[in-house]
Amino acid sequence: MNIPCILIPALVGLICGILGYLLGKMNSKGDDSLALSLQADLDACKANTRSLNAKIASLEADLAAKAKAASPVQSFAANVAPAIIFNDALAASVYGKKIKENDLKIVEGIGPKIEELYHNAGIKTWLALSETPTQRSQEILDAGGENFAIHNPGTWAKQAQLAYEGKWQELKDWQDALDGGKE
């Protein structure tokens with residue numbers, strides 16, 4: 001057997017391995033720029049979300065103030081909620097599964113843990129959720145911790161209103177266009 005035929009490839013492999021290791025070490029030293037850039041983008045997105053939620057809350061407050069300024073007959077009519085009977089058969093026919101009355105999880109973007117946050121905050125019905133301002137919903141999510149604060153409750157009140165009113169097909173069609181409760 002010829003020793004140079006075995007020794008030369010072994011030495012070349014060893015040298016290449018050492019060079020690869022050294023090059024990898026040189027490239028990884030102190031290069032946190034990508035992580036810092038991504039963190040800055042995330043912080044900017046969170047700040048933008050808070051700003052938008054504050055703007056939505058301001059607009060909702062303006063709308064509520066205008067509604068209070070309406071005539072007393074209109075205000076009385078607006079404050080008296082009609083008794084709407086829950087039709088579970090219609091809901092099941094649209095969704096293809098049994099729907100429980102006031103199940104907040106029917107709202108796109110709300111799961112069991114977020115539903116529990118709302119229940120703990122005293123919001124247990126579709127009607128109550130539909131009357132909850134977006135800012136209040138965001139406060140509930142923020143109080144739940146960082147994992148919940150990233151959710152956007154902007155459409156949840158309207159979805160809950162459609163569920164309360166029994167407009168199942170309209171709700172389903174809209175939810176099909178939503179992405180995790182966001183437009």
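Which element gives the most to the lining of the second largest pocket? In this predicted model, the answer is helix α2, which contributes 7 residues. The pocket holds about 360 Å³ of space, and its lining is made up of 18 residues. Those that lie nearest its centre are K46, T49, Q138, A149 and I150. Besides α2, the elements that give two or more residues to this lining are α7 and α8 (146–149). Sorted by class, the lining comprises 5 nonpolar, 7 polar and 6 charged residues.

Helix α2 spans residues 33–68, and N53 is one of its residues. With a relative accessible area of 4%, N53 falls under the 20% limit and is therefore buried. Beyond its neighbours within four places in sequence, N53 is in contact with T134, Q135, Q138 and N152. Among these partners is Q138, which also belongs to the group of lining residues nearest the centre of the second largest pocket.

Helix α7 (134–144) carries a salt bridge of its own. The side chains of R136 and E139 meet there, with an N to O distance of 3.9 Å. The two residues stand 3 places apart within α7, about one turn of the helix. R136 is partly exposed at 35% relative accessibility, and E139 is likewise partly exposed, its relative accessible area being 40%.

The R136–E139 pair meets the salt-bridge criterion, for which the count comes to 5. A network of such bridges links D103, K105 and E115. K105 pairs with D103, the closest N and O atoms lying 3.0 Å apart, and K105 also pairs with E115, again with 3.0 Å between the closest N and O atoms. Because K105 sits in the loop between α4 (88–95) and α5 while E115 sits in helix α5, this second pair ties together parts that are 10 residues apart in sequence. The accessibility of the three residues varies: D103 is buried at 18%, E115 is buried at 10%, and K105 is partly exposed at 36%.

Helix α5 (112–120) is also part of the surroundings of helix α9. Helix α9 covers residues 156–165 and is mostly covered, with 7 of its 10 residues buried. The buried residues are W156, A157, Q159, A160, L162, A163 and Y164. What covers them includes, in addition to α5, the helices α6 (126–130), α7 and α10 (168–177). Just after α9, G166 adopts a positive phi of about 75°.

Definitions and conventions: Residues are numbered from 1 along each chain as its sequence is written. This is a predicted model: local features need pLDDT of at least 70, side-chain atom pairs count only at pLDDT 80 or more; totals for chains, interfaces and linings use all residues. Side-chain values use heavy atoms; hydrogens and water are left out. Helices (H or I, at least four residues) and strands (E, at least two) are DSSP runs, numbered from the N terminus. Buried means under 20% relative accessible area, exposed over 50%, partly exposed in between (1.4 Å probe, protein chains only). Contact means heavy atoms within 4.5 Å. On a 1 Å grid over the protein atoms alone, a cavity is a set of points where a 1.4 Å probe fits but cannot get out, and a pocket is an open set with protein on both sides within 12 Å along at least five of seven lines; lining residues have an atom within 4 Å of a point. Grid points are joined across faces, edges and corners, and a volume is the space filled by probe spheres set on the points. Ala, Val, Leu, Ile, Met, Phe, Trp, Tyr, Cys and Pro count as nonpolar, Asp, Glu, Lys and Arg as charged, and the others, Gly among them, as polar. A salt bridge is a side-chain nitrogen of Lys or Arg within 4 Å of a carboxyl oxygen of Asp or Glu.
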